[in-house]
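Biologist: Please take a close look at one part of this model, the aromatic side chains and what surrounds them. I would like one connected account.

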Amino acid sequence: MTGADAAPLFTIFTPTHNRAHTLPRVYASVAAQEFRDFEWVIVDDGSTDGTRELIAGWVEEADFPIRYFYQ
């Protein structure tokens, strides 16, 4: 990013519903990217399988922005 408040160049968008068992593979792939001018937006359509807690941990540890929306 060009500045601390600059918007990321692009967004990686992941819709999900009860896919906590597959999201770690997505996270690993996103985290492995060398280019860092992005944000990861996850929209959760009412998961009941621990998705929210899983993503909360990644939000704390990731060195890129993760925005999580639960609906």
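Modeller: Arg-52 sits over the face of Tyr-70, at 3.9 Å from the ring centre. This is a predicted model, and the distances and angles that follow are computed from it.

Beside Arg-52 in sequence is Thr-51, which belongs to helix α2 (residues 51-61). Thr-51 has 1% relative accessibility and therefore counts as buried, the limit being under 20%. Beyond its neighbours within four places in sequence, Thr-51 is in contact with Thr-16, Asn-18, Arg-19, Ala-20, Leu-23, Asp-44 and Tyr-68.

Helix α2 also takes part in the aromatic pairing, for which the count comes to seven pairs. In one of them, Tyr-27 and Trp-40 have ring centres 6.2 Å apart and planes at 25°; planes under 30 degrees apart count as stacked, so this pair is stacked. It links distant parts of the chain, with Tyr-27 in helix α1 (residues 23-31) and Trp-40 in strand β2 (residues 38-44), 13 residues apart. Tyr-27 and Trp-40 are both buried.

Trp-40 also pairs with Trp-58: the ring centres are 5.9 Å apart and the planes at 25°, so this pair is stacked as well. Here the link runs from Trp-40 in strand β2 to Trp-58 in helix α2, 18 residues apart. Trp-40 counts as buried because its relative accessibility is 0%. Trp-58, with a relative accessible area of 8%, is buried too.

Tyr-27, Trp-40 and Trp-58 belong to one aromatic cluster, which also includes Phe-10, Phe-35, Phe-38 and Phe-64.

Definitions and conventions. Residues are numbered from 1 along each chain as its sequence is written. This is a predicted model: local features need pLDDT of at least 70, side-chain atom pairs count only at pLDDT 80 or more; totals for chains, interfaces and linings use all residues. Side-chain values use heavy atoms; hydrogens and water are left out. Helices (H or I, at least four residues) and strands (E, at least two) are DSSP runs, numbered from the N terminus. Buried means under 20% relative accessible area, exposed over 50%, partly exposed in between (1.4 Å probe, protein chains only). Contact means heavy atoms within 4.5 Å. Rings of Phe, Tyr and Trp (its six-membered ring) pair if their centres lie within 6.5 Å; planes under 30 degrees apart count as stacked, over 60 as edge-to-face and the rest as tilted. A charge sits over a ring if NZ of Lys or CZ of Arg is within 6 Å of the ring centre and within 35 degrees of the ring normal.
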